[in-house]
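I opened this notebook to set down, step by step, what I looked up in the structure, beginning with its surface.

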Amino acid sequence: MQYPDLSLEDCAEISYLFVCVMYGHWKLVGSLGVAEDHKLIARRSIDRIIASYVHQDLEKLGHVRVWET
């Protein structure tokens with residue numbers, strides 16, 4: 001809702017990436033522990049991922065449908 005110009009395909013790609021990132025994050029937290037400052041780094045990274053979809057022309061990369069085999 002915050003970025004109405006994103007297509008449903010863009011949203012699906014971003015959601016797939018978030019699932020992958022969160023899986024890796026919790027694997028690291030489980031093995032290394034957690035530091036409070038890391039949540040700020042994670043949030044900033046997620047904001048940059050969304051911004052890359054909002055501000056750049058990704059059409060030239062083509063589309064691969066996620067969540068399909």
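I first looked for nonpolar side chains grouped at the surface of this predicted model, and I noted a nonpolar patch of about 360 Å² that is made by Leu 17, Val 21, Met 22 and Trp 26.

I then picked out one member of that patch, Met 22, and found that Met 22 lies in helix α1, which covers residues 8–32. Is Met 22 buried or exposed, or something in between? I entered Met 22 as partly exposed, because its relative accessibility is 37%.

Next I turned to the chain as a whole, where I counted two helices and zero strands. Of the 69 residues of the protein chain, 10% count as buried, and the chain exposes about 6100 Å², of which carbon and sulfur atoms supply 61%.

Last I checked the cysteines, and I recorded zero disulfides, with a disulfide taken as a pair of cysteine sulfur atoms within 2.5 Å. I listed Cys 11 as partly exposed because its relative accessibility is 35%, and I listed Cys 20 as partly exposed because its relative accessible area is 38%.

Key: Residues are numbered from 1 along each chain as its sequence is written. This is a predicted model: local features need pLDDT of at least 70, side-chain atom pairs count only at pLDDT 80 or more; totals for chains, interfaces and linings use all residues. Side-chain values use heavy atoms; hydrogens and water are left out. Helices (H or I, at least four residues) and strands (E, at least two) are DSSP runs, numbered from the N terminus. Buried means under 20% relative accessible area, exposed over 50%, partly exposed in between (1.4 Å probe, protein chains only). Accessible areas come from the Shrake-Rupley method with a 1.4 Å probe; for residues, only the protein chains shown count as cover. Patches are made of residues with over 30% relative accessible area and no salt bridge: like charges are joined within 9 Å, nonpolar side chains (Val, Leu, Ile, Met, Phe, Trp, Tyr) within 5 Å. A salt bridge is a side-chain nitrogen of Lys or Arg within 4 Å of a carboxyl oxygen of Asp or Glu.
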